[in-house]
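Let's take a stroll through a protein model together. Have the 3D view ready, and turn it around as you read.

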Amino acid sequence: MKSSEVRSQVNHPIIDADGHIVELTPLLAEYIGQVGGAAAGAEFEKRIGTAISSYPFALRQEHWLPKPPFWTVPAANTVDRMTVALPQLLRHRMDALGLDYSVLFPTIGMSFLIGRANPEMEAVCCRAYNMMVAEQYADQSDRMTPAAVIPMHTPDMACEELEYAASRGLRVALFPAFVRRVIPGVEQVNPGLARRFPRLDFFGLDSQHNYDKVWAKCVELGFPVMLHSFAIGFSDRVSPTNYMNNHMGMFAAAQEAACRALFLGGVTRRFPTLRFGFLEGGVSWGSRLVNDLATHWSKRNVKSLRSSLLPSLIDLDVAERLCREYGQPFVRENAKRVAESLLNLNAGPVPPDEQDEFAHCKMESVQDLQHLYSDRFYFGCEADDPLVSIAFEPKLHPNAVKLKALFGSDMGHWDVVDVEHVVAESYELVERGLLSAEDYRAFTCDNAYTLFTSQNADFFAGTSVEGYRPLA
């Protein structure tokens, strides 16, 4: 079937929770010039498209730098290429694409959030991008909405841009999964190495700043927290020769690290109404993580630690007796010494306030994972990902829940060969028996609807989806 035929067959809207804008660089440069001055706009336009030439193979090999992305947007189909750049053209094609509504995230704009430029310049570029999409997409709001990009170097910087985005009518905010920060001890020894090998700050556990004012601002303004970063440059994704090696799993790696930091940092505990969307990494990592959290908490919650793993619980007399009865000659002859050595294996004293590693999220039972994790986190998936089906297998998850998978077209990027086939490709999950019709409705409509309206009840007011209500 064509995508339009799929849409006519299902009895619910199809909401694209992760489409893309592929920005027209002269237009974006014009806005950067307005915000940061003509020189900033000219410098931006000059640098676009030079990643490979700026980092030739010899340099990458010498410094072990990852081969950067290249040829990442459609070229053979010019109409598709222009569809993700021209709002009116996208609107003209929406019915043929089988889409009722699309939330659009940046392409070049994501590069403003990766922490390679100085924070002040990133703030300029984010403001320019937000100004551009607010103006260029203002008259298409019944069928699509662009996301603002939010710099996160400091909470104040993020809150200022959230306020600006809301003032311009933007209703979705895109955050990086992390920012890079120098390690003070390394910087003292070698500032160059500190910049080359920073640590990653994921805004929750171990963050340099307290980002609670950002999460509070999101609640106030009605923005869910949408995170989207890539992990090229992580220690296992730095091949200087192969972009595909660096690319596979990179979105999942970055989003999982952010999810862990937010959960263990207690953000979902402190902000019980806030929802989080982790884009383009699929849902399989979310399934694994919720199971990891359940099993780790069950074995290493502070009560279990103290009742079964506290080293002083070892009965040295029993250990010595067993060494004498069952040990090899050396062990029998040194039974007391061997028994006492059991106290020395990874068994040093741990301060009481460092024993409970679930303290920030105040997790008291596996049942807490439902309202702290499963109800709060949404996982962006692409149409051709058969592992979407994992989300809808409650037997795989603590508390027998389904995870909240989000359909994203990813239109505008290299993995979408034909925009008009994306919805049809997603429906193959039903045709192959991987999803039921009810699960497909949740995947392509209800989960996205719930995510955005949970933060802003009027999110879809005045849109093509107004009046729709998800299944109970």
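Below we look at the sheet, then its edges, then a few spots elsewhere in the chain. Keep in mind that this is a predicted model.

**The sheet**

Start with the open sheet of 8 strands, which pair in the parallel sense. Going across, you meet them in the order E1-E2-E3-E4-E7-E8-E9-E10. As a bit of background, strands in a sheet pair through backbone hydrogen bonds, and the pairing can be parallel or antiparallel. Which strands stand at the edges here? They are E1 (15–20) and E10 (404–408). Each of these has a single partner strand, so one side of each has no neighbour in the sheet. The sheet isn't flat like paper, either: ignoring direction, neighbouring strands are turned by 30° against each other on average.

Here are the pairings at the two edges:

| Strands | Sense | Bridges | Residues facing each other |
|---|---|---|---|
| E1 and E2 (residues 101–105) | parallel | 4 bridges | His20 and Phe105 |
| E9 and E10 | parallel | 5 bridges | Phe379 and Ala405 |

**A closer look at E10**

Is strand E10 enclosed or open to the outside? It is largely enclosed by the rest of the structure, because 5 of its 5 residues are buried. Now check where its residues point. Lys404, Leu406 and Gly408 go one way, while Ala405 and Phe407 go the other way, and all of them are buried. That fits a general pattern: in a regular strand, side chains alternate between the two faces of the sheet.

**A helix across the strands**

Next, find helix H14 (residues 250–264). H14 lies across three strands: E7 (225–227), E8 (276–278) and E9 (377–382). Against E8, helix H14 runs at about 155°.

**Out on the surface**

Now for some residues on the outside. Ile183, Val186, Leu193 and Phe197 make a nonpolar surface patch of about 310 Å². One of them, Val186, sits in helix H10 (residues 184–189). Val186 has 31% relative accessibility, so it counts as partly exposed; the exposed label needs over 50%.

Compare that with Ser307, which is part of helix H17 (residues 302–309). Why does Ser307 count as exposed? Because its relative accessibility is 54%. Ser307 also gives you a feel for distances: its C-alpha atom is separated by 43 Å from that of Asn246, and the two residues are 61 residues apart along the chain.

Terms used
Residues are numbered from 1 along each chain as its sequence is written. This is a predicted model: local features need pLDDT of at least 70, side-chain atom pairs count only at pLDDT 80 or more; totals for chains, interfaces and linings use all residues. Side-chain values use heavy atoms; hydrogens and water are left out. Patches are made of residues with over 30% relative accessible area and no salt bridge: like charges are joined within 9 Å, nonpolar side chains (Val, Leu, Ile, Met, Phe, Trp, Tyr) within 5 Å. Accessible areas come from the Shrake-Rupley method with a 1.4 Å probe; for residues, only the protein chains shown count as cover. A salt bridge is a side-chain nitrogen of Lys or Arg within 4 Å of a carboxyl oxygen of Asp or Glu. Helices (H or I, at least four residues) and strands (E, at least two) are DSSP runs, numbered from the N terminus. Buried means under 20% relative accessible area, exposed over 50%, partly exposed in between (1.4 Å probe, protein chains only). Two strands pair if DSSP finds at least two bridges between them. Axes are lines fitted to C-alpha atoms, for helices over the stretch in contact, and angles run from 0 to 180 degrees between N-to-C directions. Contact means heavy atoms within 4.5 Å.
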